[in-house]
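Biologist: Could you walk me through the side-chain contacts and the backbone oddities in this one? I'll jump around a bit.

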Amino acid sequence: MNRVDWISALNKLRDRGESCVLVTILDERGSTPRNNGTKMVVTAQKSYETIGGGHLEHKAMQIARRMLSDGDTEVRLEKFSLGASLGQCCGGATSLLFEPVLQSGVQIALFGAGHVARALVNLLATLPCRVRWIDSRDNEFPAQIPDNVEKVVSEFPTDEVDDLPAHSYCIVLTHNHQLDLELSERILKRGDFDYFGLIGSRTKRKRFEHRLRAKGMDDALLARMICPMGTPEVKGKLPAEIAIAIAGEVIAHYNADFGAQKKHAKAPQALSICRPA
């Protein structure tokens with residue numbers, strides 16, 4: 001549990017472009033863990049503040065994360081009896097309001113601040129996306145950073161993978177093959193990315209596949225790693241040409257994702273009110 005107040009958490013997540021669900025206790029009847037109006041913010045990986053802990057909070061986080069996974073946009077109301085069926089002995093009852101706070105645009109994690117990455121950032125700055133630009137070398141970043149880009153100087157870039165929102169687009173363009181391999185392993189182990197592109201040749205891919213299989217990665221997971229990356233119609237070896245090819249592939253992927261979401265979108269529903277547990 002991260003001890004950050006819920007307003008600060010919402011602001012932080014908004015700046016990062018990360019979706020969340022705001023959970024609020026709407027009423028309290030009898031003995032309950034927390035008072036009416038208490039709030040908790042839940043993301044796919046973390047939670048901020050608390051509605052009292054225990055099985056109620058665990059159940060609330062499960063519901064919130066299922067809503068995020070399903071892309072639910074409707075507000076939802078759930079009623080709970082705080083008795084044996086929920087594993088709590090308060091004896092009261094409460095209602096929780098679940099409000100999705102969904103961020104629009106693609107969330108991109110760009111690892112590496114070399115020539116290709118700097119050219120790519122200028123293109124991504126014009127697209128409907130938010131970028132976390134990560135490198136250990138502060139002096140490699142330009143003085144001016146686009147508004148939709150967050151510069152992250154990290155001594156251990158692989159650790160940044162754990163803090164990425166689910167469904168991120170991961171682009172690995174570092175200056176170090178060993179770091180590329182470590183990032184690839186970390187990203188694949190998470191597995192909840194929507195796109196993972198690794199710069200390099202087919203030979204590099206084969207070498208990485210061999211090493212990653214030795215670490216337990218199966219072929220289905222390795223198939224999700226795009227290497228070489230970039231739309232093949234764009235030729236050339238200049239940083240700008242490579243960046244345009246990568247940006248074109250990213251656009252093609254998020255357009256396909258958006259089309260799939262529209263096709264499978266749920267019809268609008270009325271406020272969901274469940275019976276007491």
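Biologist: Which residue lies over the face of Trp6?
Modeller: In this predicted model, that residue is Lys39, which lies over the ring face at 5.2 Å from the ring centre of Trp6.

Biologist: And what lies over the face of Phe193?
Modeller: Over Phe193 it is Arg224, at 4.0 Å from the ring centre.

Biologist: OK, rings with rings then. How many aromatic pairs does the structure hold?
Modeller: The structure holds three aromatic pairs. One of them joins Tyr169 and Tyr195, whose ring centres are 5.5 Å apart with the planes at 25°, so this pair is stacked.

Biologist: Where in the chain do those two tyrosines sit?
Modeller: Tyr169 belongs to strand 9 and Tyr195 to strand 10, which covers residues 195–198, so the pair links distant parts of the chain, 26 residues apart. Both Tyr169 and Tyr195 are buried.

Biologist: And how are the rings of Phe193 and Phe196 arranged, stacked or edge-to-face?
Modeller: Their planes stand at 75° and their centres are 5.9 Å apart, so Phe193 and Phe196 form an edge-to-face pair. Phe193 and Phe196 are both buried as well, and Phe193 is the ring that has Arg224 over its face.

Biologist: Changing topic: how many disulfides are there?
Modeller: The structure holds zero disulfides. As for individual cysteines, Cys170 has a relative accessibility of 3% and therefore counts as buried, while Cys227 is also classed as buried, at 5%.

Biologist: Which peptide bond is cis?
Modeller: The bond from Cys227 to Pro228 is cis, with omega near 0°. Pro228 is placed in the loop that runs between strand 11 (225–226) and helix 7 (239–263), and Cys227, on the other side of that bond, is the buried cysteine at 5% relative accessibility.

Biologist: What about phi, where is it positive in a residue other than glycine?
Modeller: Glu49 is one such residue, with phi near 65°, and its place is in the loop between strand 3 (47–48) and helix 2 (54–70). His167 likewise has a positive phi, of about 70°, although it is not a glycine; this histidine is found in the loop between strand 8 (149–153) and strand 9 (169–172).

Biologist: Why does Glu49 count as partly exposed?
Modeller: Because its relative accessibility is 23%, and the class of partly exposed residues lies between the limits of 20% and 50%. His167 is partly exposed too, with a relative accessible area of 41%.

Terms used: Residues numbered from 1 in each chain as written. Predicted model: local features only at pLDDT ≥ 70, side-chain atom pairs only at ≥ 80, totals over all residues. Heavy atoms only, no water. Helix = DSSP H or I, 4+ residues; strand = E, 2+ residues; numbered from the N terminus. Buried < 20%, exposed > 50% of the residue type's maximum accessible area, 1.4 Å probe, protein only. Disulfide = S-S within 2.5 Å. Phe/Tyr/Trp six-rings, centres within 6.5 Å; stacked < 30°, edge-to-face > 60°. Lys NZ or Arg CZ within 6 Å of the ring centre and 35° of its normal.
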